[in-house]
Amino acid sequence: MLHRLATSLRRPAVPPFSAAVRCLSSGSVDITVPLNFWAGTRQTSQEKCNTEKVYEPATGRVLCHLEPCGAAEVNQAVETAKSAFGHWSKMSGMERAKIMIEAAHIIESRREEIAEIEVVNNGKSITESRLDVDSARLCIEYYAALATTLAGQHVQLPGGSFAYTRREPLGVCVGIGAWNYPFQIAAWKSAPALACGNSMVFKPSPVTPVTAVLLAEVYAKAGAPEGLYNVVQGGQETGSLLCHHPDVAKVSFTGSVPTGKKIMEMASQGVKYVTLELGGKSPLLIFQDSDLENAVSGALMANFLSQGQVCSNGTRVFVHKDVLPEFVEEVVKRTRAIEIGDPLLESTRMGALVSMSHLERVLSFVDQAKKEGATVLCGGEPFVPSDPKLKGGYYMTPCVLGNCTDEMTCVKEEIFGPVMSVLSFESEEEVLLRANDSPLGLAAGVFTRDVKRAHRVVEHLKAGSCFINNYNITPVEVPFGGFKMSGIGRENGKVTIEHYSQLKSVYVEMGDVDSLF
Ligand SMILES: NC(=O)c1ccc[n+]([C@@H]2O[C@H](COP(=O)([O-])OP(=O)(O)OC[C@H]3O[C@@H](n4cnc5c(N)ncnc54)[C@H](O)[C@@H]3O)[C@@H](O)[C@H]2O)c1
C-alpha cells in the first residue's frame with residue numbers, strides 16, 4: 001500500500017539522525033536491546049524462559065530473541081498508559097498537535113535508519129520501506145492537524161435552554177499489528193488515537209517486533225508524557241491479555257479474519273470498541289478499452305508490492321477476453337524482469353517473504369493451483385540469490401497463473417504472497433457478479449477509458465477501497481477499510497476520529513424544572 005508516489009519519492013530535507021547506524025547490510029545486524037517499552041523507556045520482560053527467535057528474512061539468520069509479555073508486564077503497560085491518559089486527555093488539541101508534529105520531524109530525520117531496520121526485520125525492499133516510513137510520518141502530521149479541529153456542537157433549545165456536545169477520548173486503546181507493515185501500522189493506529197486524547201498500548205506481530213519500539217522512542221523524544229504510547233511484545237497470549245484487560249477501552253486490530261473474529265469475541269465481553277482491518281481477496285477488472293500499459297502496471301502494483309504480502313492486493317485479475325493475450329504477454333514479460341534479491345540494495349524490487357513457514361505456504365498454493373488446472377505462466381519457484389550470505393533467505397520468483405477459474409483455491413483464498421491469478425471475462429454484468437462473489441471486500445480496481453463505465457462499475461463493487469485506473473494507492477487523508485468480512489471501522493481520513501472518540505451530550509436548563517411530580 002502506497003501513498004502518492006510522486007511526493008513520497010523525495011529525499012528527506014533533514015540529514016539522518018545517526019550516521020553510525022545507517023547503511024546496514026544484510027546479515028550484519030544483531031539486536032540485543034529490549035523490545036518492550038513502557039513508562040518512557042525500553043523494558044525487559046520477566047518471561048525469559050519463553051523467548052522466541054526472530055529471523056532476518058533476507059538471510060534466515062536469527063536477528064534477536066523476543067521476550068513475550070505476561071500478565072504482570074501487560075498490567076504495568078496498561079497502568080502507565082492509564083496514568084498518561086489522565087494528563088494527555090486534558091491537554092488542548094494544539095498542545096497535542098505540537099508534540100505529534102515534533103514526532104513527525106524526528107521520523108523524517110531518522111527516515112533512513114527506520115527504513116533500513118524495517119527491511120532487516122521484514123524482508124521488503126528498501127525502496128518500499130522508505131515509502132512506509134513516509135506514510136507513517138504523513139499520518140502523524142495529518143492527525144496532528146485534525147487534533148486542533150476537534151470540537152462539539154451547540155444546540156439551541158426552547159426557553160433559552162441549550163445543549164452542547166463534547167468529543168471525548170475513549171481511554172487506553174490497544175493496537176495489535178500484523179507483520180507486513182510493522183512501522184506503518186503502528187503509526188496508522190497511534191496517530192488518530194493520540195490526536196483524540198487517548199493513550200495506547202501496542203502489540204506488534206512477534207515476527208516483526210523491532211520497529212514499533214522505535215516509534216515509542218520517537219514519541220517520547222518528541223515530548224509525549226511517559227506512558228502515552230507503549231509496546232508490549234508477544235503473540236496470541238499477550239494479545240488476549242490486552243483484549244480482556246478491564247482498563248482497556250478499545251482494540252484496534254490488523255491481521256487475519258480468523259484472529260479478527262477472536263478479537264471481536266474477546267472485546268465483546270467487556271463491550272469494548274473494535275476496529276478490524278482484516279484480509280482480502282480483491283478483484284481487479286481490466287476492460288478492453290483500457291490503456292493496456294497502465295493496466296499491466298496496475299496489475300503489478302496490485303500483486304507484487306511487499307512480496308505480495310498486502311491485504312488490499314488485487315489478486316483476482318479479470319481481463320476482458322479481447323485483450324487477454326496481449327495483457328498476459330506483457331504482464332509475464334514485466335514480472336520476469338522484477339529484480340529479486342538483497343532487500344537493502346537500491347536496485348532490488350522484490351525482497352524476501354517474511355518467514356520460511358510463510359514461503360512454504362505460498363509455494364503450496366502454487367502447487368495446489370497446478371493440481372486444479374491453472375497454468376504457471378511464470379515464477380512460483382523458490383529462488384536462491386547468488387550472494388552467499390542470502391542463501392538461507394526466504395525468496396521466491398513472482399508468479400502469474402493463467403487459465404484460472406472462479407472455483408480454484410488460488411482464486412478463492414488469500415495467498416498473501418506474490419501470486420497473481422488471471423481470469424478471462426466477456427461482459428460487465430458477468431464480471432461484476434464474479435468479482436463480488438467473495439466473503440471478503442477490502443479493495444477492488446477497474447481499468448477502463450470509459451468514464452461512465454468506471455463509475456458504474458465502482459458503484460456496484462462491494463469493497464471498502466476502490467481504485468479507478470490505478471491500484472494500492474493509500475493517501476492518509478482517505479479512509480481505508482473493508483466491507484463484508486474484511487473488517488469493521490476505518491483507518492485514515494477524518495472519519496477515523498469517530499472511531500477513537502465518543503460524544504458526550506450536555507443539557508443546560510436556563511429556566512425552572514417543569515416537574516410532573
Ligand atoms: N486490512 C488491513 O489493513 C490489513 C493490513 C495488513 C494485514 N492484514 C491481514 O493480516 C493478515 C496477515 O497478518 P498476520 O499473519 O500477522 O495475521 P494474524 O491474524 O496471524 O496476527 C495478527 C496479530 O494478531 C495477534 N494475535 C494472534 N492471535 C491472537 C489472539 N488470539 N488474541 C490477540 N492477538 C492475537 C498476532 O500476534 C499478531 O500481532 C492477512 O490476512 C492480511 O490480509 C490486513
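These legends walk through several close-up views of one predicted model.

**View 1. The shell of residues around the ligand.**
Let us start with the ligand, which is surrounded by 29 residues. The closest of them are G239, G255, T259, G279 and C311. Two elements, α8 (236-244) and α9 (257-269), give two or more residues to this shell. Which element gives the most? That is α8, with four residues. Sorted by class, the shell holds 10 nonpolar, 15 polar and four charged residues.

**View 2. Helix α2 and its two faces.**
Helix α2 covers residues 71-88, and its 18 residues should span 26 Å at 1.5 Å a residue. The C-alpha atoms at its ends are 25 Å apart, which agrees with that expectation. Now look for its buried residues: E73, V74, A77, V78, T80, A81, A84, F85 and W88. Where do they sit around the axis? They cover an arc of only 165°, which puts them on the same side of α2. On the face turned away from this buried side, you will find the exposed residues A72 and G86.

**View 3. The hairpin of β3 and β4.**
Strand β3 (residues 52-55) and strand β4 (residues 62-66) run antiparallel and are joined by four bridges. To find your way, pick out E52, which stands opposite L66 in β4. The two strands form a hairpin, with six residues between them. In the turn, G60 has a positive phi of about 80°.

**View 4. An open sheet of three strands.**
Here the strands follow the order β5-β6-β24, and their pairing is antiparallel. Why do β5 (154-156) and β24 (501-508) each have one side without a neighbour in the sheet? Both stand at the edges with a single partner strand, so one side of each is left free of a neighbour. From one strand to the next, the twist averages 20°. A closer look at β5 shows three bridges to strand β6 (residues 162-169), and these two strands run antiparallel. One pair to look for is H154 and its bridge partner in β6, Y164. As a reminder, strands of a sheet pair through backbone hydrogen bonds, either parallel or antiparallel.

**View 5. An open sheet of seven strands.**
Follow the strands across this sheet in the order β14-β17-β18-β13-β12-β20-β21, where the pairing is mixed. At the edges stand β14 (375-378) and β21 (465-468); each has a single partner strand, so one of its sides is left without a neighbour in the sheet. Neighbouring strands here are turned by 25° against each other on average, direction ignored. Within the sheet, strand β12 (residues 283-286) and strand β20 (residues 443-447) run parallel, joined by three bridges. Look for L284, which stands opposite G445 in β20.

**View 6. Two residues with a positive phi.**
V271 lies in the loop between α9 and β11 (273-277). Although V271 is not a glycine, it has a positive phi of about 45°. Is V271 buried or exposed? It counts as exposed, because it has 7 C-beta neighbours inside 10 Å and the cut-off for exposed is 12 or fewer. K484 is not a glycine either, and its positive phi is about 50°. This residue belongs to strand β22 (residues 483-484). With 17 C-beta neighbours inside 10 Å, K484 counts as partly exposed.

Definitions and conventions
Residues are numbered from 1 along each chain as its sequence is written. This is a predicted model: local features need pLDDT of at least 70, side-chain atom pairs count only at pLDDT 80 or more; totals for chains, interfaces and linings use all residues. A residue is near a molecule or strand if its C-beta atom, placed from the backbone, lies within 6 Å of it. Ala, Val, Leu, Ile, Met, Phe, Trp, Tyr, Cys and Pro count as nonpolar, Asp, Glu, Lys and Arg as charged, and the others, Gly among them, as polar. Two strands pair if DSSP finds at least two bridges between them. Axes are lines fitted to C-alpha atoms, for helices over the stretch in contact, and angles run from 0 to 180 degrees between N-to-C directions. The expected span of a helix is 1.5 Å times one less than its number of residues. A residue is buried if 20 or more other C-beta atoms lie within 10 Å of its own, exposed if 12 or fewer, and partly exposed in between; C-beta atoms are placed from the backbone. The arc is that of the directions from the helix axis to the C-beta atoms.
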